[in-house]
Amino acid sequence: MSIALAVALLALLVSLFVLVALVAVYARVRALEAGRVAELSGYAPLVGRPAPAAVRPRSGQRAAVVAVLDADCALCHNMWDAITVAGEQDEHIRFVALVDRPDDFAARPGGRAEMLADVDARADLFEGYSPTLLAVDAAGVVTHRSFVYADTDLGALVRDLTQTHDPGRQHPGGREVTRA
C-alpha cells in the first residue's frame, strides 16, 4: 500500500466519523425539540413539570422567565443581555439566568434580572443544549421551552413569553398556552 493511498483512506475515515457525529448531534437536538428524548430516557418531559424552587416566581409575581446558560457560549451572553433588558420593563415577572460559571457573566450587570449558579436547579432544567429559555407560571410549573439559535429574535421571544403570562390576555380554553 502506498503512502498516498494510506493518507486517502485515513482522510476518508476521518470524514465519515465527522459526518456521523454531525448527524448524531442534529438528531439529538431535533429529538429534544420534539420532547422525545425525555420520554425515551425515562425522564418526565420538562414542560408540565414543576420547576425547582430556586427559579419559581416570588410572591406578587405572575411568572418567571428562566434562561439556562453556559458561560462558554457567545449566544448565551446575548440571551443574558435580552433578559436583563426585559427585566427592566416588567416587574411582575421574575427573570433568572441559571449559569454554570457566574464569574464569566460578571462584567455584565443584570439590573433586575438574577443570575443563579444553582447546580441542582440547572441539572434539573438542563437538557443538553444551551441557551434554553423556559417560562414558569405562578404555580411553579414549566409551561414553555424554547431552544435558542443564532437566528432567533431574542427580544421577540422574551416578549412573547412575558405576554403569555399577561393576566389581561385571553388564553385559548381558559388555560395557559403551552408550547414545546
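Which residues form a nonpolar patch on the surface? The answer is Met1, Leu5, Leu9, Leu12, Leu16, Leu19 and Val23, with about 720 Å² of accessible area together. Keep in mind that you're looking at a predicted model. The protein chain has 180 residues, and 41% of them count as buried. Here's a tour, topic by topic.

**The overall layout**

- The secondary structure of the protein chain adds up to 5 helices and 5 strands.
- Walk along from the N terminus and the elements come in the order α-α-β-α-β-β-α-β-β-α.
- Take the contacts in the protein chain with a separation of 6 or more: 67% of them are between residues 24 or more positions apart.
- About 9,900 Å² of the protein chain is exposed, and carbon and sulfur atoms supply 60% of that area.

**The nonpolar patch**

- Leu5, one of the patch residues, sits in helix H1, which covers residues 3–34.
- Is Leu5 buried or partly exposed? Its relative accessibility is 43%, so Leu5 counts as partly exposed.

**Strands S4 and S5**

- Strand S4 (residues 132–137) and S5 run antiparallel, and 5 bridges join them.
- Look across from Leu134 and you'll find Arg145 in S5 standing opposite.
- The hairpin of S4 and S5 has 4 residues between the strands, and Gly140 in this hairpin takes a positive phi near 90°.
- As background, most residues other than glycine have a negative phi.
- Why is S5 described as largely enclosed by the rest of the structure? Because 6 of the 6 residues of this strand (residues 142–147) are buried.

**Salt bridges**

- Side chains of opposite charge can pair when their charged atoms come close.
- How many salt bridges are there? The count comes to 6.
- Arg49 pairs with Asp124 in one salt bridge, where the closest N and O atoms are 3.4 Å apart.
- Arg49 lies in the loop between helix H2 (36–41) and strand S1 (63–68), while Asp124 is in helix H4 (residues 119–125), so this pair ties together parts that are 75 residues apart in sequence.
- Arg49 has a relative accessible area of 18%, so Arg49 is buried; Asp124, at 33% relative accessibility, counts as partly exposed.
- Another salt bridge is formed by Arg101 and Asp72, with the closest N and O atoms 2.6 Å apart.
- This pair also links distant parts of the chain, 29 residues apart: Arg101 is in the loop between strand S2 (93–98) and S3, and Asp72 is in the loop between S1 and helix H3 (74–89).
- Arg101 is partly exposed, with a relative accessible area of 34%, whereas Asp72 counts as exposed at 62% relative accessibility.
- Arg145 turns up again here: its side chain meets that of Glu127 in a salt bridge (3.0 Å, N to O).
- That pair links distant parts of the chain as well, with Arg145 in strand S5 and Glu127 in the loop between H4 and S4, 18 residues apart.
- Are Arg145 and Glu127 buried or exposed? Both Arg145 and Glu127 are buried.
- Arg58, Arg94 and Glu114 are joined into one network by salt bridges that share partners.

**A closer look at Glu114**

- You'll find Glu114 in strand S3 (residues 114–116).
- Glu114 has a relative accessibility of 17%, so this residue counts as buried.
- The side chains of Glu114 and Arg58 are joined by a polar contact of 3.0 Å.
- Not counting residues up to four places away in sequence, Glu114 touches Arg58, Trp80, Arg94, Phe95, Val96 and Ala97.

**His92 and its contacts**

- His92 has its place in the loop between H3 and S2.
- With 37% relative accessibility, His92 counts as partly exposed.
- His92 and Arg62 are 30 residues apart along the chain, and their C-alpha atoms are separated by 6.0 Å.
- Arg62 is among the contacts of His92, along with Gly60, Gln61, Ala63 and Arg112, leaving aside neighbours within four places in sequence.

**A cis peptide bond**

- Where is Pro131? Pro131 lies in the loop between H4 and S4.
- The peptide bond from Ser130 to Pro131 is cis, and its omega is near 5°.
- For comparison, most peptide bonds are trans.

Definitions and conventions: Residues are numbered from 1 along each chain as its sequence is written. This is a predicted model: local features need pLDDT of at least 70, side-chain atom pairs count only at pLDDT 80 or more; totals for chains, interfaces and linings use all residues. Side-chain values use heavy atoms; hydrogens and water are left out. Patches are made of residues with over 30% relative accessible area and no salt bridge: like charges are joined within 9 Å, nonpolar side chains (Val, Leu, Ile, Met, Phe, Trp, Tyr) within 5 Å. Accessible areas come from the Shrake-Rupley method with a 1.4 Å probe; for residues, only the protein chains shown count as cover. A salt bridge is a side-chain nitrogen of Lys or Arg within 4 Å of a carboxyl oxygen of Asp or Glu. Helices (H or I, at least four residues) and strands (E, at least two) are DSSP runs, numbered from the N terminus. Buried means under 20% relative accessible area, exposed over 50%, partly exposed in between (1.4 Å probe, protein chains only). A polar contact is a pair of N or O atoms within 3.5 Å; within protein, one must be able to donate a hydrogen and the other to accept it, and residues adjacent in sequence count only if both atoms are side-chain atoms. Contact means heavy atoms within 4.5 Å. Two strands pair if DSSP finds at least two bridges between them.
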